[in-house]
Amino acid sequence: MSRTTRSPMMKPLVHSGNAMAPFFKVTVFEQEDFQGKCVEFTTQCCNIQECGLDNIRSIRVESGAWMGFEHHNFQGQQFILERGEYPRWEAYSGSISYHVERLMSLYPIYCASHQNSRMIIYERDNFMGRSVEICDDYPSLRAMGWMLPEVGSMHVQCGAFVCYEFPGYRGQQYLMECEKHSGDYKHWTIWGSHCQTPQIQSIRRIQH
(Lines give C-alpha, C1' and ligand atoms only; values in the text may rest on other atoms or scores of the structure.)
Protein backbone atom coordinates (compact mmCIF):
# COMPACT_ATOMS: atom_id res chain seq x y z
CA MET A 1 0.00 0.00 0.00
CA SER A 2 1.31 3.42 -0.87
CA ARG A 3 1.70 6.13 1.71
CA THR A 4 1.80 9.86 1.00
CA THR A 5 3.91 12.15 3.14
CA ARG A 6 3.92 15.92 2.99
CA SER A 7 7.48 17.17 3.21
CA PRO A 8 8.21 19.22 6.35
CA MET A 9 10.11 21.64 4.11
CA MET A 10 7.02 22.65 2.15
CA LYS A 11 6.29 26.36 1.85
CA PRO A 12 3.10 28.21 0.85
CA LEU A 13 2.77 30.43 -2.18
CA VAL A 14 4.66 33.67 -1.84
CA HIS A 15 2.82 36.91 -2.56
CA SER A 16 4.67 39.98 -3.76
CA GLY A 17 2.38 42.99 -3.99
CA ASN A 18 -0.44 41.96 -6.30
CA ALA A 19 1.65 39.27 -7.96
CA MET A 20 1.88 35.64 -6.96
CA ALA A 21 5.16 33.79 -7.23
CA PRO A 22 5.18 30.62 -9.37
CA PHE A 23 3.99 27.53 -7.55
CA PHE A 24 6.18 24.43 -7.58
CA LYS A 25 4.93 20.97 -6.76
CA VAL A 26 6.39 17.52 -7.36
CA THR A 27 5.49 14.10 -5.96
CA VAL A 28 8.20 11.45 -5.87
CA PHE A 29 7.70 7.71 -5.44
CA GLU A 30 9.96 5.02 -4.06
CA GLN A 31 8.93 2.48 -6.73
CA GLU A 32 8.44 2.61 -10.50
CA ASP A 33 5.01 3.37 -12.00
CA PHE A 34 4.06 5.64 -9.08
CA GLN A 35 3.96 2.85 -6.54
CA GLY A 36 5.15 2.59 -2.96
CA LYS A 37 5.81 5.31 -0.45
CA CYS A 38 5.61 8.86 -1.84
CA VAL A 39 6.50 12.36 -0.70
CA GLU A 40 5.29 15.71 -2.01
CA PHE A 41 7.62 18.71 -2.28
CA THR A 42 7.15 22.38 -3.07
CA THR A 43 10.73 23.37 -2.30
CA GLN A 44 14.18 21.84 -2.43
CA CYS A 45 15.27 18.61 -0.78
CA CYS A 46 18.99 17.98 -0.34
CA ASN A 47 18.59 14.40 0.90
CA ILE A 48 15.46 12.36 0.22
CA GLN A 49 16.51 9.77 2.80
CA GLU A 50 15.85 12.37 5.49
CA CYS A 51 12.24 12.37 4.25
CA GLY A 52 11.85 8.62 4.66
CA LEU A 53 12.63 7.39 1.13
CA ASP A 54 15.47 5.07 0.12
CA ASN A 55 15.44 6.23 -3.50
CA ILE A 56 13.25 7.90 -6.13
CA ARG A 57 12.15 5.65 -9.00
CA SER A 58 9.16 7.53 -10.45
CA ILE A 59 8.12 11.18 -10.44
CA ARG A 60 5.02 13.25 -11.08
CA VAL A 61 5.72 16.96 -11.67
CA GLU A 62 2.50 18.90 -11.18
CA SER A 63 3.86 22.42 -11.57
CA GLY A 64 7.12 24.21 -12.22
CA ALA A 65 10.41 22.82 -13.50
CA TRP A 66 12.78 20.88 -11.25
CA MET A 67 16.31 19.53 -11.36
CA GLY A 68 17.03 16.11 -9.90
CA PHE A 69 20.46 14.86 -8.88
CA GLU A 70 22.06 11.45 -8.58
CA HIS A 71 23.53 12.14 -5.12
CA HIS A 72 22.71 14.07 -1.96
CA ASN A 73 23.35 17.82 -1.80
CA PHE A 74 22.71 18.35 -5.53
CA GLN A 75 25.75 16.40 -6.73
CA GLY A 76 26.31 13.93 -9.56
CA GLN A 77 24.25 13.37 -12.70
CA GLN A 78 21.61 16.03 -13.41
CA PHE A 79 18.08 15.25 -14.62
CA ILE A 80 15.72 17.95 -15.88
CA LEU A 81 12.14 17.38 -14.69
CA GLU A 82 9.40 19.39 -16.38
CA ARG A 83 5.65 19.13 -15.90
CA GLY A 84 4.47 15.60 -16.59
CA GLU A 85 4.87 12.01 -15.46
CA TYR A 86 8.07 9.97 -15.30
CA PRO A 87 7.14 6.35 -14.51
CA ARG A 88 10.75 5.14 -14.52
CA TRP A 89 14.36 6.28 -14.86
CA GLU A 90 14.46 6.02 -18.66
CA ALA A 91 11.76 8.69 -18.95
CA TYR A 92 14.01 11.48 -17.65
CA SER A 93 17.56 10.15 -18.08
CA GLY A 94 18.27 11.73 -21.48
CA SER A 95 19.59 8.37 -22.73
CA ILE A 96 22.90 8.74 -20.90
CA SER A 97 25.34 5.88 -21.42
CA TYR A 98 26.19 5.86 -17.72
CA HIS A 99 23.25 3.92 -16.30
CA VAL A 100 22.29 5.08 -12.82
CA GLU A 101 18.82 4.50 -11.42
CA ARG A 102 19.27 6.80 -8.47
CA LEU A 103 17.89 10.25 -7.64
CA MET A 104 18.68 11.51 -4.14
CA SER A 105 18.10 15.29 -4.17
CA LEU A 106 16.16 17.88 -6.17
CA TYR A 107 15.31 21.56 -6.31
CA PRO A 108 12.90 23.85 -8.22
CA ILE A 109 14.33 25.96 -11.04
CA TYR A 110 12.96 29.31 -9.97
CA CYS A 111 14.46 31.33 -12.84
CA ALA A 112 13.14 29.08 -15.64
CA SER A 113 11.22 31.07 -18.25
CA HIS A 114 10.54 29.50 -21.62
CA GLN A 115 9.53 32.82 -23.18
CA ASN A 116 12.36 34.85 -21.68
CA SER A 117 15.60 32.86 -21.76
CA ARG A 118 18.76 34.14 -23.39
CA MET A 119 22.43 33.23 -23.20
CA ILE A 120 25.70 33.54 -25.11
CA ILE A 121 27.95 30.57 -25.83
CA TYR A 122 31.69 30.98 -26.50
CA GLU A 123 34.29 28.88 -28.28
CA ARG A 124 36.81 29.00 -25.44
CA ASP A 125 36.82 29.34 -21.68
CA ASN A 126 36.67 32.74 -19.95
CA PHE A 127 34.27 34.02 -22.64
CA MET A 128 36.88 34.10 -25.39
CA GLY A 129 36.66 33.32 -29.10
CA ARG A 130 33.65 33.25 -31.38
CA SER A 131 30.29 33.72 -29.66
CA VAL A 132 26.64 33.06 -30.56
CA GLU A 133 23.50 34.23 -28.78
CA ILE A 134 20.99 31.50 -27.89
CA CYS A 135 17.31 32.33 -27.31
CA ASP A 136 15.56 29.30 -28.82
CA ASP A 137 15.75 25.50 -28.82
CA TYR A 138 18.52 23.87 -30.87
CA PRO A 139 18.41 20.07 -31.25
CA SER A 140 21.69 20.35 -33.18
CA LEU A 141 24.22 23.15 -32.67
CA ARG A 142 26.05 22.01 -35.79
CA ALA A 143 22.90 22.49 -37.87
CA MET A 144 22.66 26.09 -36.71
CA GLY A 145 26.28 26.79 -37.67
CA TRP A 146 28.25 25.94 -34.52
CA MET A 147 30.82 23.60 -36.02
CA LEU A 148 32.74 22.71 -32.86
CA PRO A 149 31.71 19.63 -30.83
CA GLU A 150 32.19 21.54 -27.58
CA VAL A 151 31.41 24.86 -25.92
CA GLY A 152 34.13 26.64 -23.97
CA SER A 153 32.06 28.93 -21.73
CA MET A 154 28.57 30.41 -21.40
CA HIS A 155 26.89 33.50 -20.02
CA VAL A 156 23.19 33.15 -19.14
CA GLN A 157 21.60 36.58 -19.37
CA CYS A 158 18.11 35.53 -18.28
CA GLY A 159 16.12 32.37 -17.68
CA ALA A 160 17.58 28.87 -17.74
CA PHE A 161 18.72 26.32 -20.32
CA VAL A 162 19.52 22.64 -20.30
CA CYS A 163 22.52 21.61 -22.40
CA TYR A 164 23.08 18.09 -23.71
CA GLU A 165 26.20 16.16 -24.60
CA PHE A 166 24.78 14.88 -27.92
CA PRO A 167 22.38 16.11 -30.64
CA GLY A 168 18.68 15.48 -30.16
CA TYR A 169 18.76 16.31 -26.44
CA ARG A 170 20.60 13.12 -25.50
CA GLY A 171 23.42 12.27 -23.15
CA GLN A 172 24.64 14.12 -20.08
CA GLN A 173 22.44 17.03 -18.99
CA TYR A 174 23.75 20.33 -17.64
CA LEU A 175 21.54 23.02 -16.15
CA MET A 176 22.58 26.63 -16.85
CA GLU A 177 20.78 29.25 -14.73
CA CYS A 178 21.01 33.03 -14.64
CA GLU A 179 20.82 32.84 -10.84
CA LYS A 180 23.87 30.58 -10.41
CA HIS A 181 27.38 32.02 -10.67
CA SER A 182 25.68 35.29 -11.73
CA GLY A 183 24.97 33.48 -14.99
CA ASP A 184 28.69 33.09 -15.72
CA TYR A 185 29.93 29.60 -16.59
CA LYS A 186 33.48 30.46 -17.54
CA HIS A 187 34.80 26.89 -17.70
CA TRP A 188 33.19 23.50 -18.27
CA THR A 189 34.38 22.23 -14.89
CA ILE A 190 31.69 24.31 -13.12
CA TRP A 191 28.79 22.97 -15.21
CA GLY A 192 28.26 20.22 -12.65
CA SER A 193 30.12 17.81 -10.39
CA HIS A 194 29.54 15.04 -12.97
CA CYS A 195 30.95 16.99 -15.92
CA GLN A 196 34.02 15.38 -17.52
CA THR A 197 34.01 16.98 -20.97
CA PRO A 198 33.10 20.34 -22.58
CA GLN A 199 31.13 18.54 -25.30
CA ILE A 200 27.75 20.21 -25.89
CA GLN A 201 25.80 19.48 -29.08
CA SER A 202 22.20 20.49 -28.30
CA ILE A 203 20.60 23.16 -26.11
CA ARG A 204 17.02 24.01 -25.22
CA ARG A 205 15.02 26.31 -23.00
CA ILE A 206 13.25 24.83 -20.00
CA GLN A 207 9.48 24.38 -20.12
CA HIS A 208 7.98 25.98 -17.03
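Is Asn73 buried, partly exposed or exposed? I started my notebook with that one, and Asn73 turns out to be partly exposed, because its relative accessibility is 49%. A reminder to myself before going on: this is a predicted model.

**Entry 1: the loop with Asn73 and Phe74**

I looked up where Asn73 sits and found it in the loop between β7 (66-71) and β8. Its backbone caught my eye: Asn73 has a positive phi of about 60°, although it is not a glycine. Most residues other than glycine have a negative phi, which made me check the next residue as well. Phe74 belongs to the loop between β7 and β8 too, and its phi is also positive, near 60°. I then asked for the cover on Phe74: at a relative accessible area of 22%, Phe74 counts as partly exposed. The cut-off for buried is under 20%, so I noted the 22% of Phe74 with that in mind.

**Entry 2: Ser63**

Next I went to Ser63, which I found in strand β6 (residues 58-63). Ser63 counts as buried because its relative accessibility is 11%. What does the side chain of Ser63 reach at 3.1 Å? I found the backbone oxygen of Phe23 at that distance, and the backbone nitrogen of Lys25 is reached by the Ser63 side chain at 3.1 Å as well. Setting aside neighbours within four places in sequence, I listed the contacts of Ser63 as Phe23, Phe24, Lys25 and Arg83.

**Entry 3: the annotated stretches**

I checked the record too. The unreviewed UniProt entry carries the annotation "domain: Beta/gamma crystallin 'Greek key'" over residues 24-63, 64-110 and 117-158. I took residues 24-63 for a closer look: this stretch is 50% strand and 0% helix. The C-alpha atoms at the ends of residues 24-63 are 5 Å apart.

**Entry 4: the cores**

Nonpolar side chains tend to be buried together in soluble globular proteins, so I looked for cores here. The largest nonpolar core has 22 residues, and Val28, Phe41 and Ile59 have the most contacts inside it. Which elements give two or more residues to this core? I wrote down β4 (25-31), β5 (35-41), β6 and β8 (75-81). I followed Val28 further: not counting residues up to four places away in sequence, Val28 touches nine-odd partners that I will sample rather than list, including Phe41, Leu53, Ile56, Ile59 and Leu106. A second, separate core has 19 residues, among them Met119, Ile121, Val132 and Ile200.

**Entry 5: a four-stranded sheet**

I traced one open sheet of four strands, in the order β12-β11-β13-β16, with antiparallel pairing. β12 (128-134) and β16 (184-185) stand at the edges with a single partner strand each, so one side of each has no neighbour in the sheet. Between β11 (residues 118-124) and β12 I found five bridges, and the two strands run antiparallel. For a register mark, I noted that Tyr122 stands opposite Ser131 in β12.

**Entry 6: the whole chain**

Last, I pulled the totals. The chain has zero helices and 17 strands. Of its 208 residues, 49% are buried. Among contacts with a separation of 6 or more, 67% link residues 24 or more positions apart. The accessible surface comes to about 9,900 Å², and carbon and sulfur atoms account for 47% of that surface.

Note on methods: Residues numbered from 1 in each chain as written. Predicted model: local features only at pLDDT ≥ 70, side-chain atom pairs only at ≥ 80, totals over all residues. Heavy atoms only, no water. Buried < 20%, exposed > 50% of the residue type's maximum accessible area, 1.4 Å probe, protein only. Polar contact = N/O pair within 3.5 Å; in protein donor to acceptor, adjacent residues only side chain to side chain. Contact = heavy atoms within 4.5 Å. Core = buried A, V, L, I, M, F, W, Y, C linked by side-chain atoms within 4.5 Å. UniProt positions renumbered as here; feature names shortened; annotations may be inferred. Pairing = 2+ DSSP bridges. Areas by Shrake-Rupley, 256 points an atom, 1.4 Å probe, with all protein chains shown as cover.
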